[in-house]
Amino acid sequence: MTRQRVLEIAGLAVAAAALVAFPALDVPAFYVSFLYMVFFWIAMATSWTILSGFAGYWSFGHAAFFGAGLYTSATLATKFGVPFLLTLPLAAGVAALLGSGIGFVVFRVQRLRGELFALLTISVTFVIAAIISNTAIDGGAGVNLMNVHLPEVFGSPTGTIYLLGLAMAALSLWAAWRIFRSRLGLGLLAIHDDEDVAEVKGVPTFRYKLAAFALSAGIAGAAGGVHAIYVGYVTVGETFEITVTMYPVVMSILGGARHWLGPALGATIVTGALYGFASGPEASLGRAGIALGLIVVVLLLPGGVMPGLIRLRHALRRAPDRVAPAPGLAAVPKQCPAQGATPVVALDCRGICKTFGGVQALKDVDLAVLEGEILGLVGPNGSGKSTLINVVTGHHRLDRGTIALAGARIDALPAHGIARLGIARTYQIPRPFNRLSVLDNVALAARFGPLARGRADAYAEAAHWLGYTGIARRADALPGQLNLHERKFLELARALAARPRILLLDEVLSGLNHTEIDAALDLIRDIRAGGTTIVFVEHLMRAVVALSDRVAVLNDGAVIAIGTPHETMREAEVVKVYLGKAHAS
């Protein structure tokens, strides 16, 4: 452990001890209350960012989960005599169950994303508030917790409430930190950027979103349980007011919603500003000043304060781009099938049909891909090539037919399940995760691929493939900073990091110049030499002829020819499709 790391840990330990002992210092109650409110908003903002900041599913209904937890604790403590501390895990559990139930239904409907999800969460808040207000839970009169017994720490219940708030903030930050550094966190950030691609790369998007929703709601519920004893008297109007809904959103965005520490920083800034400038005789002017300050910060730092501080730190250190040595073509492990061996069908498509509205994109497609070969897949625009790749990878569901990998059917599996079996793809128009670095993009494929590598191994694997494809010097860049050539090779490196059995290349050469195309052809040959089966979709016929062992031609969603490149391209129907009837005759 480095000296700097030791000093950082020691500093954190001293700060934690000081915060724990703060109520014992006989300071005015105002400061204890202020710090509790900072802790409370840290927990609420962090709970919001686990779902909305990480996964991108914006919630305007966290007041529902906060309220569910608050009324769970209040009801159990006042009406059933449950010791208050025991009500807190139950408050978290009720809120988590509520979030899980909503997510289980909502996340199965793909169109409920973006603003529709946000509107749905607002509606849930109104429904929960109406239920509580019109039942014996509240009945409109509120719930009084003044007589609820609470163990005394530092000589008063105030010290206990303070420590509960501190513990809640610490646990929420610990959870966010652990998630941020885990496969779950990387998967959620990928879902935020492009959920469909994340699923195809192996991320179990439904399960991850459900886990994020449950944890997010559970933290909000626990914070509500603690807050019930803090306020002492709870009412529906104050519990479900607009500030409980909006403050976590504002705090998270201000601090940086995609970083685990961002919401805590935003909560501290906003709470301090509210207490410092929005109270007293100039409260209205103070609130206006805070709002103006927030606007300025958001305009100057659209990603939030925390990412801005991280960029400043990197700039001060002047760290060079991370460079991994390019291992060269020999770096691919050689697993070639024995010469003269009986061909084995790696991927078998039978009777595949896919219709979009009234357009039949695939019509009874039969296609067998042999193990270790490069199969060229060609055809005019709209012939069904990309659709075939989409159904093989699970991006689209078949209407009819079967797909088998090494003899086992995969057409009923979700896309992430297919990816875990060793099928990887690139996209004709690159679709990287734009807010993840180049290195993170490739590491994600390694972490969620068939080998499910750990964090360190995944990043080593990602560095290897970035070196292999020649873009290692761009490891720390964002995809938006890459040119087309680099984005194409990022797609290839990301696919290779999964160590696939079958690699589906969708027009990986389009947009490249002659030199770049020749380099890419050498890469593809070497990938096949390593034992990977390749389906190669391309319009550049010289590349198809140079690379392919066999060529399949699609037209109007049907296979019209298959065989060696030279034989296939001479068939009359193929010539007719490409050059017209006069040439075919």
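In this predicted model, the largest cavity has a volume of about 70 Å³, and the structure holds four cavities of 30 Å³ or more. The lining of the largest cavity is made up of Val200, Lys201, Ala419, Ile423, Ala424, Arg425, Ala445, Phe448, Gly449, Arg494, Ala495 and Ala498. At least two of the lining residues are supplied by each of β8 (423-425), α16 (438-448) and α18 (484-496), with β8 giving the largest share, three residues. Sorted by class, this lining contains eight nonpolar, one polar and three charged residues.

The second largest cavity encloses about 50 Å³ of space, and its lining consists of Leu347, Cys349, Leu367, Val369, Leu388, Ile389, Val392, Leu504 and Val535. Two or more of these residues come from each of β3 (345-356), β4 (359-370) and α14 (385-392), and the largest share, three residues, belongs to α14. The lining of the second largest cavity has nine nonpolar residues, whereas polar and charged residues are absent from it.

Among the pockets, the second largest has a volume of about 540 Å³. It is lined by 24 residues, of which Gln110, Glu195, Glu199, Thr205 and Phe206 are the closest to its centre. The elements α7 (183-200), α8 (205-231) and α15 (415-420) each give two or more residues to the lining of this pocket. Its composition by class is ten nonpolar, six polar and eight charged residues. Because domain 1 (32-316) and domain 2 (343-584) both contribute residues to the lining, the second largest pocket lies between the two domains.

Turning to a single side chain, Glu461 is located in helix α17 (residues 455-468). With a relative accessible area of 8%, Glu461 falls under the 20% cut-off and is therefore classed as buried. When residues up to four places away in sequence are not counted, the contacts of Glu461 are with Ala446, Arg453, Ala497 and Arg499.

A further local feature is found in a pair of strands, in which β11 (residues 550-555) and β12 (residues 558-563) run antiparallel and are joined by five bridges. Within this pairing, Leu554 of β11 stands opposite Val559 of β12. The two strands form a hairpin with two residues between them, and in the turn Asp556 adopts a positive phi of about 55 degrees.

Terms used:
Residues numbered from 1 in each chain as written. Predicted model: local features only at pLDDT ≥ 70, side-chain atom pairs only at ≥ 80, totals over all residues. Heavy atoms only, no water. 1 Å grid on protein atoms, 1.4 Å probe; cavity = no way out; pocket = protein on both sides within 12 Å on 5 of 7 lines; lining within 4 Å. Points joined across faces, edges and corners; volume = space filled by probe spheres on them. Helix = DSSP H or I, 4+ residues; strand = E, 2+ residues; numbered from the N terminus. Nonpolar A, V, L, I, M, F, W, Y, C, P; charged D, E, K, R; others polar. Domains from an automatic or database assignment. Buried < 20%, exposed > 50% of the residue type's maximum accessible area, 1.4 Å probe, protein only. Contact = heavy atoms within 4.5 Å. Pairing = 2+ DSSP bridges.
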